[in-house]
Amino acid sequence: MPVDAFAHTFAVAAAPATVYAHLADPRSYVGLSPLVVAVRDVQTDGDQVTYVALERFRFYTNPIRVTMTLDPAAPSVVSAVVSPAGSGCGPR
């Protein structure tokens, strides 16, 4: 199975803890990622959060399964995405 990896760096005028808390909440990706219109089935187990994000295309809604691994000490948020349509979602 092909694997894509990417990273983005942005300067944000907010405390790192505030940015981390925002990105660690899957519901924050609605609107942050332009295709994600809803998030459901959020489950937290220790440092992992799993959920389904719904990407909306013109004629299709693509449910993607996301597993976020959180590391508040770093701080970092790393996401693994499984998408039936072969697309990914948002900055993670």
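What follows is a walk through the fold, the sheet, the core and a few local oddities of this predicted model.

Starting with the overall layout, the protein chain carries two helices and four strands. Both helices come before the strands, and the pattern along the sequence reads α-α-β-β-β-β. The chain has 92 residues, and 26% of them count as buried. Its accessible surface adds up to about 6300 Å², with carbon and sulfur atoms supplying 59% of that. As for how far contacts reach along the sequence, take those between residues at least 6 apart: 24% of them link residues at least 24 apart.

The sheet is the next thing to look at. It is open and built from four strands in the order β1-β2-β3-β4, with antiparallel pairing. β1 and β4 (76–82) sit at the edges, each pairing on one side only. On average, neighbouring strands of the sheet are turned by 25° against each other, direction ignored. In a regular strand, side chains alternate between the two faces of the sheet.

Going through the pairings, β1 (residues 36–45) and β2 (residues 48–56) are antiparallel partners, held in register by seven bridges. Within this pair, Thr44 is found opposite Val49 of β2. The two strands make a hairpin with two residues between them, and Gly46 in the turn shows a positive phi of about 65°. On its other side, β2 runs antiparallel to β3 (residues 61–71), and nine bridges join the two. Two of the cross-strand positions can be picked out here: Ala53 has Ile64 of β3 as its bridge partner, while Glu55 stands opposite Asn62 of β3. β2 and β3 also form a hairpin, this one with four residues between the strands.

Now for the interior. In soluble globular proteins, nonpolar side chains tend to be buried together. Here the largest nonpolar core brings together 13 residues, and Tyr51, Met68, Leu70 and Val77 have the most contacts inside it. The elements giving two or more residues to this core are β1, β2 and β3. β3 gives the most, with four residues. Met68 offers a good view of the surroundings of this core. Setting aside neighbours within four places in sequence, Met68 contacts Leu23, Ala24, Pro26 and Tyr29, along with Asp47, Gln48, Val49 and Tyr51, and also Val77, Val78 and Ser79.

Leu35 tells a slightly different story. Leu35 lies in the loop between α2 (29–32) and β1. With a relative accessibility of 30%, Leu35 is partly exposed, so it falls outside the nonpolar core, where residues have to be buried, that is, under 20% relative accessible area. Even so, Leu35 touches Leu54, Glu55, Arg56 and Phe57, not counting residues up to four places away in sequence. The C-alpha atom of Leu35 is also 9.5 Å from that of Thr61, a residue 26 places away along the chain.

Turning to charged side chains, pairing between opposite charges can occur when the charged atoms come close. A search of the whole structure turns up two salt bridges. One links Arg27 to Asp25, with 3.3 Å between the closest N and O atoms. Asp25 is partly exposed, at a relative accessible area of 26%. The other links Asp41 to Arg40, where the closest N and O atoms are 3.6 Å apart. Both partners of that second bridge are partly exposed: Asp41 has a relative accessible area of 49%, and Arg40 comes in at 40% relative accessibility.

Finally, the backbone has a couple of spots worth a look. Most residues other than glycine have a negative phi, and most peptide bonds are trans. Asp41 goes against the first of these habits, with a positive phi of about 55° although it is not a glycine. Asp41 is located in strand β1, so this backbone feature falls within a DSSP strand run rather than in a loop. The second habit is broken at the peptide bond from Ala74 to Pro75, which is cis with omega near -25°. Pro75 belongs to the loop between β3 and β4.

Technical notes. Residues are numbered from 1 along each chain as its sequence is written. This is a predicted model: local features need pLDDT of at least 70, side-chain atom pairs count only at pLDDT 80 or more; totals for chains, interfaces and linings use all residues. Side-chain values use heavy atoms; hydrogens and water are left out. Buried means under 20% relative accessible area, exposed over 50%, partly exposed in between (1.4 Å probe, protein chains only). Contact means heavy atoms within 4.5 Å. Accessible areas come from the Shrake-Rupley method with a 1.4 Å probe; for residues, only the protein chains shown count as cover. Two strands pair if DSSP finds at least two bridges between them. Axes are lines fitted to C-alpha atoms, for helices over the stretch in contact, and angles run from 0 to 180 degrees between N-to-C directions. A salt bridge is a side-chain nitrogen of Lys or Arg within 4 Å of a carboxyl oxygen of Asp or Glu. A nonpolar core is a set of buried Ala, Val, Leu, Ile, Met, Phe, Trp, Tyr and Cys residues joined through side-chain atoms within 4.5 Å.
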